[in-house]
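The report that follows describes the fold of one protein chain, moving from its overall make-up to its helices and then to a few individual residues.

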Amino acid sequence: MTIISWIILGLLAGAIAKFLLPGRDPGGLIGTTLIGIAGAFIGGWISARWLDHPITKDFYDGATWAAAIGGSLVLLIAYRLLFGHSRD
């Protein structure tokens, strides 16, 4: 996959992560989108590095999507914990 494919995958993974974790984010739509892109890269790297599942060149591979969405979820949760406001 090219870098453009990873960015598109990250945008979609960020949207899916936002759907799975609804609520207000400190960064809004742009912050969530950037977290999705970074999560796709980090999820792919973790999958290839430690889970011994190299990322294929196929955009529609289920493991690639799972890694991207998982990475986005982890980053979104971490972002909310670090920068989110308390729910008073």
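Among contacts in the protein chain between residues at least 6 apart in sequence, what percentage join residues at least 24 apart? The share is 76%, a value that, like every other in this report, is computed from a predicted model.

## Overall make-up

The protein chain holds three helices and zero strands, and read from the N terminus its elements follow the order α-α-α. Of its 88 residues, 31% count as buried, while the accessible surface amounts to about 5,800 Å², with 71% of that area belonging to carbon and sulfur atoms. An unreviewed UniProt entry places the feature "transmembrane region" at residues 27-51 and 63-82. Over residues 63-82 the model is 100% helix and 0% strand, and the C-alpha atoms at the two ends of that stretch lie 28 Å apart.

## The three helices

The table sets the span of each helix, taken from its first C-alpha to its last, beside the span expected at 1.5 Å a residue.

| Helix | Number of residues | Span in the model | Expected span |
|---|---|---|---|
| α1 | 18 residues | 25 Å | 26 Å |
| α2 | 22 residues | 31 Å | 32 Å |
| α3 | 22 residues | 31 Å | 32 Å |

For α1, which covers residues 3-20, the span is close to the expected one, and the same wording holds for α2, whose reach is close to its expected value; for α3, the distance between the end C-alpha atoms agrees with what its 22 residues should span.

In α1 the buried residues are W6, L9, G10, A13, G14 and A17. Seen down the axis of α1, these buried residues fall within an arc of 145°, so they line one face of the helix. The face turned away from that buried side carries the exposed residues I4 and F19, whereas the cover over the buried residues of α1 includes α2 (28-49) and α3 (62-83).

In α2 the buried residues are G31, T32, I35, G36, I37, G39, A40, G43, G44 and S47, and what covers them includes α1 and α3. In α3 the buried residues are T64, W65, A67, A68, I69, G71, S72, L76 and R80, and these pack against α1 and α2.

## The nonpolar core

Which residues make up the largest nonpolar core? It consists of seven residues, namely W6, L9, A13, A40, W65, A68 and I69, and the elements that give two or more residues to this core are α1 and α3. One of its members, A68, is in contact with L9, A13, G39 and A40 once its neighbours within four places in sequence are left aside.

## Individual residues

S72 lies in helix α3. Is S72 buried or exposed? With a relative accessible area of 1%, S72 is buried, and, not counting residues up to four places away in sequence, S72 touches A13, G14, A17, I35, G36, G39 and A40. Among these partners, A13, G14 and A17 belong to the buried residues of α1, while I35, G36, G39 and A40 belong to those of α2.

G43, which has its place in helix α2, is likewise buried, with a relative accessible area of 8%. Leaving aside its neighbours within four places in sequence, G43 is in contact with A67 and G71, both of which are listed among the buried residues of α3. G43 and G70 are 27 residues apart in sequence, and their C-alpha atoms are 6.4 Å apart in space.

I16 lies in helix α1, where its relative accessibility of 32% makes it count as partly exposed. Not counting residues up to four places away in sequence, I16 touches W65 and I69, two residues that are themselves members of the largest nonpolar core. I16 and G36 are 20 residues apart in sequence, with a C-alpha to C-alpha distance of 8.8 Å.

How values were computed
Residues are numbered from 1 along each chain as its sequence is written. This is a predicted model: local features need pLDDT of at least 70, side-chain atom pairs count only at pLDDT 80 or more; totals for chains, interfaces and linings use all residues. Side-chain values use heavy atoms; hydrogens and water are left out. UniProt positions are given in the numbering used here, feature names are shortened, and annotations may be inferred rather than shown by experiment. Helices (H or I, at least four residues) and strands (E, at least two) are DSSP runs, numbered from the N terminus. The expected span of a helix is 1.5 Å times one less than its number of residues. Buried means under 20% relative accessible area, exposed over 50%, partly exposed in between (1.4 Å probe, protein chains only). The arc is that of the directions from the helix axis to the C-beta atoms. Contact means heavy atoms within 4.5 Å. Accessible areas come from the Shrake-Rupley method with a 1.4 Å probe; for residues, only the protein chains shown count as cover. A nonpolar core is a set of buried Ala, Val, Leu, Ile, Met, Phe, Trp, Tyr and Cys residues joined through side-chain atoms within 4.5 Å.
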